[in-house]
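Me: Could you take a close look at the largest cavity in this protein for me? I would like to know what lines it, and then how it fits into the wider picture of domains and strands.

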Amino acid sequence: MFQHFDPVSDISFAGRHLPLLRAEMQKLKIDGFIVPHDDEYQNEYIPAYAERLMWVSGFSGSAGAAIVFADRAVIFVDGRYTLQVRQQTDGKFFAFEDLVDSPPDQWLADHAPKDARIGYDPMLHTRSGVAKLEAAAKKSGFTLVALASNPVDAAWKDQPARPLSPARPHTLDLAGKSSADKRQEIAGAIAKAGADAALITAPPSIAWLFNIRGQDVSRTPLPLARALQWKDGRATLFIAPEKVGNELPSFLGDEVDIRGEAELERVLEKLGAEGKSIAIDPALAPVKYATQLQNAGAKIVELTDPCALPRAMKNATELNGTRAAHIRDGAMVTRFLHWIATKAQDGSVDEITAAKKLEEFRASTGGLLDLSFDTISGAGANGAVVHYKVSTATSRKLSPGELFLIDSGAQYQDGTTDITRTVPIGAPTQEMRERFTLVLKGHIALATARFPAGTTGTQLDILARKAMWDRGLDYDHGTGHGVGSFLGVHEGPQRIAKAASAQALKPGMILSNEPGYYKTGAYGIRIENLIIVTEPQAIEGGERPMMSFETITLAPINLDLVASSLLTESERHWLNKYHARVRQTLTPLTPKDVADWLVHQTRSI
């Protein structure tokens, strides 16, 4: 069992840990300290040692920040975590702010005391992020202080050790393109930018560039490391020696120099002294590295991570792998949905039992290497918590008359999956069916979109929301996130969301399609499939070729929750065609009782 269900924090953390942090702040002579969720690698899902925000506040979500003063503290989260943060963080010690509407830099500009010394850890903040903080300091009059050590680490006496899992080759039959070819491609982008080398600091990019995977981060097969990629194709991989096995040097070849990660700062000093031009991504690299290079004499070239876009545009081998992974995974999710329909309708099953059962089905494939995130198993009101994490303290029964939302994913060596289904326990209400159908209409609208080259996810987001907007409803999360190839379940630069994005959707990108609806205190609804951006194709009678989406997730969408009178003929056609594909593909992979059940669950409406 990859996941556990013991509470990872409790509401007492703030009361117990804030005094310890404030004592360390006093030693450093700072009046305030910024605690981001981010680790030194800007990961979304972070190792246990880096859960500094959770240690300070009790909040265990994957995005957020806090600012701690001697006499008060404030925590910032986005719309996904509005309910969760109030359940995990004691309001007697923290005020709550919206991470999007009032981010930490804006809040400090408006509320920080003049002449206050506000500290930050330069390994946890990027150059772009610090520029915003510096602008806030100029406006408010406080002094921003880069600290040589993190006071949370000093106060956290039982902080876990840093992970040292071995880095493993991700072979060509899975990667589809050699590391040497990738390095030559990235070298061209570096030369074009006028740099001698690029400092690559994001673990997903390092995993992609060198065709390696690791286990330093739960739910994401990442090795924590850094790299310097030179404009001539050579590279230096900075990685802890404990992670380097006998096979890695020969796999990477002579053009890759492997050094300990601790050597990186010395090498940066040397490059600066030589006056080299070094490209860094100001939104990803720790500001400490940029400052060190600049102070040593290097020329900084700001360049968006050159690996990010080619990593997102999957090659044919990766796409075929992820299709195979989704068929395998879809058969297991379908077996689970059959189990829910036949064994969990009487109120005897709880959220933890359901999550365990789904993981058991996936493990039975023999190919499950990890989950892609902790399963969101939310019954009734818990389903309305967008990123709910079930624990022994919160688990509730799947009770008749309620909805059950299950959002889950798996890591297979050939692909990463992410799927959400919402099902009724007992008979659903008319309101539940209406709201579910509105979500379904949005899901279908996005799944069937045609769009020209240059279209961004922001421009498509309205398609998934219109049916709900017409009824005065909405949801406070993005509609779609990028997904990696045996990498992170959340990947950029592609996304589909209200927030502005300049990144055009490109063929080979994988995204989620997951509109939802959440009624606080009652239930949550989400329907999620993964989709691939296709190559542009001509439309008969048209003038411009158009891209579209290929849906790769295969599992039945619950028809008992569909109010078919709300669907148009074209929407019914899509649903019936999708279900026919689910039935045809998965029937040979499921036991007879599941296959028989699947026939009814995928019937035409």
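Reply: Happy to help; here is the cavity, followed by the domains, a small sheet and two backbone details.

Please keep in mind that this is a predicted model. The count comes to three cavities of 30 Å³ or more, and the largest of them holds about 70 Å³ of space. Its lining is made up of 13 residues. Nearest the centre of the largest cavity lie Leu199, Ile200, Asp281, Asp305 and Pro306. Two elements give two or more residues to this lining, namely strand E8 (197-200) and strand E13 (277-280). E8 gives the most, with three residues. By residue class, the lining of the largest cavity has 10 nonpolar residues, one polar and two charged.

Now for the domains. The assignment for the protein chain gives domain 1 (12-155), domain 2 (168-307) and domain 3 (313-598). Taken over C-alpha atoms, the centres of domain 1 and domain 2 are 29 Å apart. In the contact between them, 15 residues of domain 1 meet 26 residues of domain 2. The size of an interface is often given as the accessible area lost when the parts come together. Here domain 1 and domain 2 bury about 1,500 Å² between them, with 59% of it on carbon and sulfur atoms. On the domain 1 side, Tyr41, Met123 and Arg127 supply 49% of the area buried against domain 2, more than any other three residues.

Next comes the small sheet. Three strands form an open sheet in the order E15-E18-E19, with antiparallel pairing. Strand E15 (370-371) and strand E19 (415-416) are at the edges with a single partner strand each, so one side of each is left without a neighbour in the sheet. E15 pairs with strand E18 (residues 410-412) over two bridges, and Leu371 stands opposite Ala410 in E18.

Finally, two backbone details may interest you. Most residues other than glycine have a negative phi, and most peptide bonds are trans. Asn211 is not a glycine, yet it has a positive phi of about 55 degrees. Asn211 sits in the loop between helix H9 (203-210) and strand E9 (212-213). The peptide bond that joins Gly492 and Pro493 is cis, with omega about 10 degrees. Pro493 is found in strand E22 (residues 491-496).

Note on methods
Residues numbered from 1 in each chain as written. Predicted model: local features only at pLDDT ≥ 70, side-chain atom pairs only at ≥ 80, totals over all residues. Heavy atoms only, no water. Pairing = 2+ DSSP bridges. Helix = DSSP H or I, 4+ residues; strand = E, 2+ residues; numbered from the N terminus. 1 Å grid on protein atoms, 1.4 Å probe; cavity = no way out; pocket = protein on both sides within 12 Å on 5 of 7 lines; lining within 4 Å. Points joined across faces, edges and corners; volume = space filled by probe spheres on them. Nonpolar A, V, L, I, M, F, W, Y, C, P; charged D, E, K, R; others polar. Domains from an automatic or database assignment. Contact = heavy atoms within 4.5 Å. Buried area = accessible area lost by both parts, 1.4 Å probe.
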